Amino acid sequence: MKMTKQKSSIQARPAASVSAAKETSPSSSDEPGHAGQDLQALLQRTAAAEAKFRGLVESAPDGIVIVDHVGRIQLVNRETAKLFGYRADELLGQLVEVLLPERFRQMHVKDRSGYTAAPRVRPMGMGLDLCGRRKDGSEFPVEISLSPLDSAGERLVMGIIRDITERRRSQEALRAANERLSFVLGSITDAYFAVDPAGRFLEINPVAERSVFGRSAGDLHGKKLWDEYPEGVGSEFHHQFRVAIEEGRPVHFEARSRIVDKWFDTHAYPRNGRLEVYLRDITDRKRAEDALVLAKEAAEEANQAKSQFLANMSHELRTPLNSIIGFANVMLKNKGGHLRREDLVFLERIAANGEHLLALINQILDLAKIEAHKIELETTTVALDRLVPEILSHFETPARGGLVHLKAELPSPIAPLVTDEGKLKQVLINLIGNALKFTEKGSVTVRVAVDESSRRPVRLEVTDTGIGIRKDRQEVIFEAFRQADASMTRKYGGTGLGLTISKALCDLMGYRIEVRSEPGRGSNFSIVLPVPSPHVERAAPPAGPLAPVAAGQAPVQRTLPSEGQLVLVIDDEADSRTLLSHLVKECGCRVAVANSGESGLRLARELRPGLITLDLLMPRMDGWTVLKQLKANPDLCAIPVIVVSIVGTESRGTLLGVKEVLQKPISREDLQWALRSFPHPKVLIVEDNEDHRSLMASYLEGHAAEIAPAANGREALRLLETFAPDLILLDLMMPQMDGMAFLSTIRKDARYWQIPVFVVTAKELTAEELHRLSSEAQAVLRKSNDWGEDLDRLLRRVLRGDPAAASGLGPAVPTPAGPLSKAGRSDQGANPP
């Protein structure tokens, strides 16, 4: 009997199991009823088993083919038909080789016969490269497992077929990726290796073999990283790799490997249960860094040697020049009337050329100091309405000698400027000198621009009507040894250093220098000043017209020292001693001279002069040592000292207790200006308590030449109309007009901006009051048992130029406001004095 065809796609040849069922039916001798029942039950069980089998075959995810002993297909499931592109009924009865590429069919017949003779279970895969062939002729990779079946004495073979196309693609992609990775690792210049969590090497690229370990990957295979970098020997590598593995975080470090004696920049990354390490050889960089350090040290030594050479050479060059200029100026006065007019002309040329040569030497030295970063700021309060006319007075003769009108445009009033007066003066002199040099006719104007509300200077301008500068050359002129045009050097002379130095000094002071120019129409050089901080603004006078400076109310004009006062000149150069002696005598003083530091100290002890002039560069005992010993001697420390030296301004910060510093060559006017500061000052005491006024007056003994008392602020304002003090001592708590109101009033009047104010109070000041006083007063002293000692130290600092005297004041002077002395000043902002 034939099995009924199922609706399922499983197709099969006539089943042998059905025939077997017939043969095993009960004999005819049995009762017909029972025999029929048994047969029916057997058929039902057989049909159920076959249905179950077919269901299992149909639901299998792989193709299933059953063939007989001659290789003809007896059964296929739906997946087989899908894989090969046939209908199931098309495959039944065909040789199984129809599913194979033609090139394999002949060999497969032999293999199939051999398998049929000795059947065995063969698992899927078995390392064979097998292919299936679809109905359309296309091929695809497969895996096949074979199992022998026995069915009613018939030998069958069941094959399970799996399409491995996607697996092959994935494997190929993985293989290609691995090849690319191997290529990349073999091509990169950095070393690379990977280890497992136990430190065993997994991968090593050729660079790591050569440059990191000095061994092949085969030698390192199975070994541990810790064997290469043991603790205590390769400590940095050992520690960092341990951190990366145990803490699971990346590390980056630079270290020297003991294995190959090289430096490596190392990155280690924990990834996917392994540690990947990248190392870059930085040995050459480290050697270059070491070489740079050595080169830097050598350059610093060479620069120091150059600076020392320049200092020595400047001294050797400037010393004879100082004498030439000094003696020429003395002879130009022609006091005896013995020189002819022609002789005076020659002397003028000698002096002028000597000063020109000295200026060139100073410019080269300034440039050397700027390049060596040896220039420091020394800030003080500067009145531009005084400084600008003073600078212009130096240029009056050369300006009048031509057709150039030299003028200043100064608004009134101008609030004081806190700056380095010497360096600002040097910049202005350079700019004005340049303007005059390149202006044959017309004018050179120095202009100060101020903020309308605060009257603070915001810009200094030097404008000329000279030859001008091309646009493309305006940046070049600030470079060293460069001018706007090479032909200018031949026509006008000069080194081209003036503007370079000016820009460097402006940068140092926090200013910006700008230039605007048109060829043939002149140039404008501007120094742009920074905007003051807000708390400084409140101390400035208000906008609008202010009271003009009344006659007799200008800053105190001091007289010269008493005629016949003894001045000791200490200088090792004979020419300098002669010149200084001449100038001192012209000022009406007597002179004693010393040719060394040792003899100077001896004469100071013997003669007790009223004033000492001191050179710094002297053999055996230099001026710094002399000054130190003078200030350490109680009998000599009060003697005023003026430093007169080539390097005076270069060392101002170390000259504690010096009255003034003058740079050689000096003139009679320079010396007179310095001498005017020696007489004791005038002091105004504003205090409502009579006992306290008397106490303050007693503290001022030995300091003040004249003292004026006032009982309150209003009375003090009336006194200021006739009394010009150099210092004001001010109480805060007073009737009618208290100290705060008085201070605010005088700071709005340009006549009193320059007067230092010491606030003396027992009042507990608020933070706001302290903040205000920090902008308007020079110091705040607490009334206490020892405040007189604090006052003494401050007076010596302000009035005698002794910055050391103010040290150790502590809380007695909680709010020093602005510079208090010409040496060792502190820059607290642009506060009115």
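The exercises below concern a predicted model of a protein, each with a worked solution.

**Exercise 1. Overall make-up**

Task: State how many helices and strands the protein has, what share of its residues is buried, and what supplies its exposed area.

Solution. Begin with the secondary structure: the protein has 27 helices and 28 strands. Next, take burial: 44% of the 833 residues count as buried. Then turn to the surface, where about 42,600 Å² is exposed and carbon and sulfur atoms supply 53% of that area. Finally, consider contacts with a separation of 6 or more: residues 24 or more positions apart account for 60% of them.

**Exercise 2. Helix H15**

Task: Check the span of helix H15 against the value expected at 1.5 Å a residue, then describe its N-terminal end and its buried residues.

Solution. Helix H15 covers residues 421-437, which is 17 residues. The expected span is 1.5 Å times one less than the number of residues. For H15 this gives 24 Å, and the end C-alpha atoms are 24 Å apart, so the two values agree. At the N-terminal end, Asp-420 acts as the cap, with a side-chain oxygen 3.2 Å from the backbone nitrogen of Gly-422. Within H15, the buried residues include the nonpolar side chains Leu-424, Val-427, Leu-428, Leu-431, Ile-432 and Leu-436. Lys-423, Asn-430, Asn-434 and Ala-435 are also buried.

**Exercise 3. Ser-517**

Task: Decide whether Ser-517 is buried or exposed, and find its polar partners.

Solution. Locate the residue: Ser-517 lies in strand S17, residues 512-518. Buried means under 20% relative accessible area. Ser-517 has 16% relative accessibility and therefore counts as buried. Now look at its side chain. A polar atom of the Ser-517 side chain lies 3.0 Å from the backbone oxygen of Gly-522. The side chains of Ser-517 and Ser-523 are joined by a polar contact of 2.8 Å. Leaving aside neighbours within four places in sequence, Ser-517 is in contact with Gly-522 and Ser-523, and also with Gly-468, Ile-469 and Gln-474.

**Exercise 4. Salt bridges**

Task: For the salt bridge between Asp-190 and Arg-280, say which parts of the chain are tied together, then compile further pairs.

Solution. Opposite charges on side chains can pair when the charged atoms come close. The side chains of Asp-190 and Arg-280 form such a salt bridge, at 2.9 Å from N to O. Asp-190 is in the loop between helix H6 (165-187) and strand S7 (191-195), while Arg-280 is in strand S11 (residues 274-281), so the pair ties together parts 90 residues apart in sequence. As for burial, Asp-190 is buried at 16% relative accessible area, and Arg-280 is partly exposed at 45%.

Asp-261 and Arg-256 also meet in a salt bridge, at 2.9 Å; Asp-261 is partly exposed, with a relative accessible area of 45%. A further salt bridge joins Asp-635 and Arg-608 at 3.8 Å. Asp-635 is in the loop between helix H21 (623-632) and strand S22 (641-645), and Arg-608 is in the loop between helix H20 (597-607) and strand S21 (611-614), 27 residues apart. Arg-608 counts as partly exposed at 45% relative accessibility.

Last, a network of salt bridges links Glu-409, Arg-447, Arg-459, Glu-461, Arg-512 and Glu-514.

**Exercise 5. A nonpolar surface patch**

Task: Name the residues of the nonpolar patch on the surface and place Phe-309 in the chain.

Solution. The patch consists of Phe-309, Met-313 and Leu-317, which together have about 270 Å² of accessible area. Phe-309 lies in helix H11, residues 283-332. Its relative accessible area is 48%, so Phe-309 is partly exposed.

Notes: Residues are numbered from 1 along each chain as its sequence is written. This is a predicted model: local features need pLDDT of at least 70, side-chain atom pairs count only at pLDDT 80 or more; totals for chains, interfaces and linings use all residues. Side-chain values use heavy atoms; hydrogens and water are left out. Helices (H or I, at least four residues) and strands (E, at least two) are DSSP runs, numbered from the N terminus. Buried means under 20% relative accessible area, exposed over 50%, partly exposed in between (1.4 Å probe, protein chains only). A polar contact is a pair of N or O atoms within 3.5 Å; within protein, one must be able to donate a hydrogen and the other to accept it, and residues adjacent in sequence count only if both atoms are side-chain atoms. Patches are made of residues with over 30% relative accessible area and no salt bridge: like charges are joined within 9 Å, nonpolar side chains (Val, Leu, Ile, Met, Phe, Trp, Tyr) within 5 Å. Accessible areas come from the Shrake-Rupley method with a 1.4 Å probe; for residues, only the protein chains shown count as cover. A salt bridge is a side-chain nitrogen of Lys or Arg within 4 Å of a carboxyl oxygen of Asp or Glu. Contact means heavy atoms within 4.5 Å.
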